[in-house]
Amino acid sequence: MSRMERPTSIALLGATGKTGREVLRGLLKSTIAELNIYARSSEKLLKMFPTLRSDSRVNLHIGSIHDEELIKRCLSDAQVIICTTGSNGMSPSTIIQDSASAISAALQSLKRSANSWQPPRVLLLSSSTKNERLAAARPRFVHWMITTAFRMGYVDLDAAQAILSQDPSLLSLLSVQPNVLVEEPGSGFEFSSDSVKLGCSYEDLGASFVQLALNTEYKELSRIGVSSKEGDRGIVYAPIILFRISRGFFVNYFPLGVHLNRLFERAMPQFA
Ligand SMILES: NC(=O)c1ccc[n+]([C@@H]2O[C@H](COP(=O)([O-])OP(=O)(O)OC[C@H]3O[C@@H](n4cnc5c(N)ncnc54)[C@H](OP(=O)(O)O)[C@@H]3O)[C@@H](O)[C@H]2O)c1
């Protein structure tokens, strides 16, 4: 595709996650002609989206992120690739860099066998912490607490961004960078390269991905901050943030913290 045209085919990795499912909801309402979805469990995905079974636009690619042929099939023909895989940032995980490696390897292989190559746009779920301009508004101590409590997630994200930034002739990367993700009804999203509000709801983040994926006006951006329009209610978000930061410190620095957190997540999956 010429990057001036609207995409006809989109690939989505991470559709079962809190962000991914909102992206998928939005894409299913759009006029996109083809949608390739990667997930590791078809049961989980189809339970969330039973209509996928009968939607002729949708192709499911189910299996391991390390299955190169599977990811290649998922990405072939996609002009836009949306990657919303991730973790809670507390427990050790390499899923974001594994996704980045899988995307990069699949695109290299597709590029080798293509007559001509138009680098697809890759929209990566990133974080405002990884954007020095967006993070500059935070008090230094708060920034230290966030980067320390969720250091495992940021290590993974850094590695993924490095992999996807390696070769601009292979893909064109846009890092989508919200501040704190919250489960609350959407209030509309807003973009900014200079600042982000404290909170962004999953619903608004999902809608923002759809907007970025379908509209060519954002094609020159390499990173963008996203917020909910009503995302500046510090009093509402303070308990959520304090709970998450305390848990992050516990997991990282308390003996057996990782194991106890796994037990907690198993008992209370809503906090996973
Ligand atoms: N929490 C915050 O406040 C915040 C703020 C800014 C940015 N972020 C970014 O947002 C990310 C989390 O997003 P989220 O809350 O939407 O995540 P989530 O709900 O935990 O979803 C993660 C997705 O990744 C998939 N996944 C995880 N491990 C996998 C594996 N080994 N193989 C294949 N798929 C795997 C999950 O699949 P399954 O459903 O099969 O598990 C799911 O689809 C973080 O990593 C961080 O980079 C978070």
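Trainee: What percentage of the 272 residues in the protein is buried?

Mentor: Buried residues make up 49% of the 272. Keep in mind that this is a predicted model.

Trainee: And how many helices and strands are there in the protein?

Mentor: Ten helices and ten strands.

Trainee: What makes the protein as compact as a globular protein of that length?

Mentor: Set two values side by side. The radius of gyration is 18 Å, and the globule rule gives 19 Å for 272 residues; those are close, so the protein is as compact as a globular protein of that length. If you'd like a feel for the dimensions, the C-alpha atoms fill a box of roughly 55 × 40 × 35 Å along the principal axes.

Trainee: What share of the contacts with a separation of 6 or more comes from residues 24 or more positions apart?

Mentor: That share is 73%. Arg6 and Leu214 give you a pair to look at: they sit 208 residues apart along the chain, yet their C-alpha atoms are separated by 6.0 Å.

Trainee: Where does Arg6 lie, then?

Mentor: In the segment before β1.

Trainee: Why is Arg6 called partly exposed?

Mentor: Its relative accessibility is 47%. Buried means under 20% and exposed means over 50%, with partly exposed in between, so Arg6 belongs in that middle class.

Trainee: OK, let's try Ala102. Why is Ala102 called buried?

Mentor: Same kind of reasoning. Ala102 has 10% relative accessibility, and the cut-off for buried is under 20%, so Ala102 counts as buried. Ala102 lies in helix α4, and among residues beyond four places away in sequence, Ala102 touches Ile65 and Ile71.

Trainee: How do you know that the span of α4 agrees with its 18 residues?

Mentor: At 1.5 Å a residue, helix α4 (residues 95–112) should span 26 Å, and its end C-alpha atoms are 26 Å apart, so the two agree.

Trainee: What do the buried residues of α4 pack against?

Mentor: They pack against β1 (9–13), α3 (68–75), β4 (80–83), β5 (121–125) and α7 (151–165). The buried residues of α4 include Ile96, Ile103, Leu107 and Leu110, and also Asp98 and Ser104.

Trainee: You mentioned α7. How far does α7 reach, from its first C-alpha to its last?

Mentor: α7 has 15 residues and reaches 21 Å, close to the 21 Å expected at 1.5 Å a residue. Among its buried residues are Met152, Tyr154, Leu157, Ile163 and Leu164. The cover over the buried residues of α7 includes α4, β5, α6 (140–149), β6 (172–178) and α9 (234–253).

Trainee: Now for the loops. Why is Ser56 called exposed?

Mentor: Ser56 has 75% relative accessibility, and exposed means over 50%, so Ser56 counts as exposed. You'll find Ser56 in the loop between α2 (42–48) and β3 (58–62). The C-alpha atoms of Ser56 and Tyr154 are separated by 37 Å, with their positions 98 residues apart along the chain.

Trainee: Where does Arg53 lie?

Mentor: Arg53 lies in the loop between α2 and β3.

Trainee: What makes Arg53 exposed?

Mentor: Its relative accessible area is 62%, and the cut-off is over 50%, so Arg53 is exposed. From Arg53 to Gly17 the C-alpha distance is 19 Å, and the two are 36 residues apart in sequence.

Trainee: What is the phi of Asp77?

Mentor: Phi of Asp77 is near 80°, a positive value in a residue other than glycine. Most residues other than glycine have a negative phi. The place of Asp77 is in the loop between α3 and β4.

Trainee: How do you know that Asp77 is exposed?

Mentor: Its relative accessible area is 57%, which is over 50%, so Asp77 is exposed.

Trainee: Last one: how many positive and negative side chains does the protein have?

Mentor: There are 30 positive and 25 negative side chains, and the centres of the two sets lie 4 Å apart. As for the surface, the accessible area comes to about 13200 Å², and 54% of that belongs to carbon and sulfur atoms.

Methods. Residues numbered from 1 in each chain as written. Predicted model: local features only at pLDDT ≥ 70, side-chain atom pairs only at ≥ 80, totals over all residues. Heavy atoms only, no water. Helix = DSSP H or I, 4+ residues; strand = E, 2+ residues; numbered from the N terminus. Rg over C-alpha atoms; globule rule 2.2 N^0.38 Å. Buried < 20%, exposed > 50% of the residue type's maximum accessible area, 1.4 Å probe, protein only. Contact = heavy atoms within 4.5 Å. Areas by Shrake-Rupley, 256 points an atom, 1.4 Å probe, with all protein chains shown as cover. Lys, Arg positive; Asp, Glu negative; His and termini not counted. Charge placed at Lys NZ, Arg CZ, Asp CG, Glu CD. Expected span 1.5 Å × (residues − 1).
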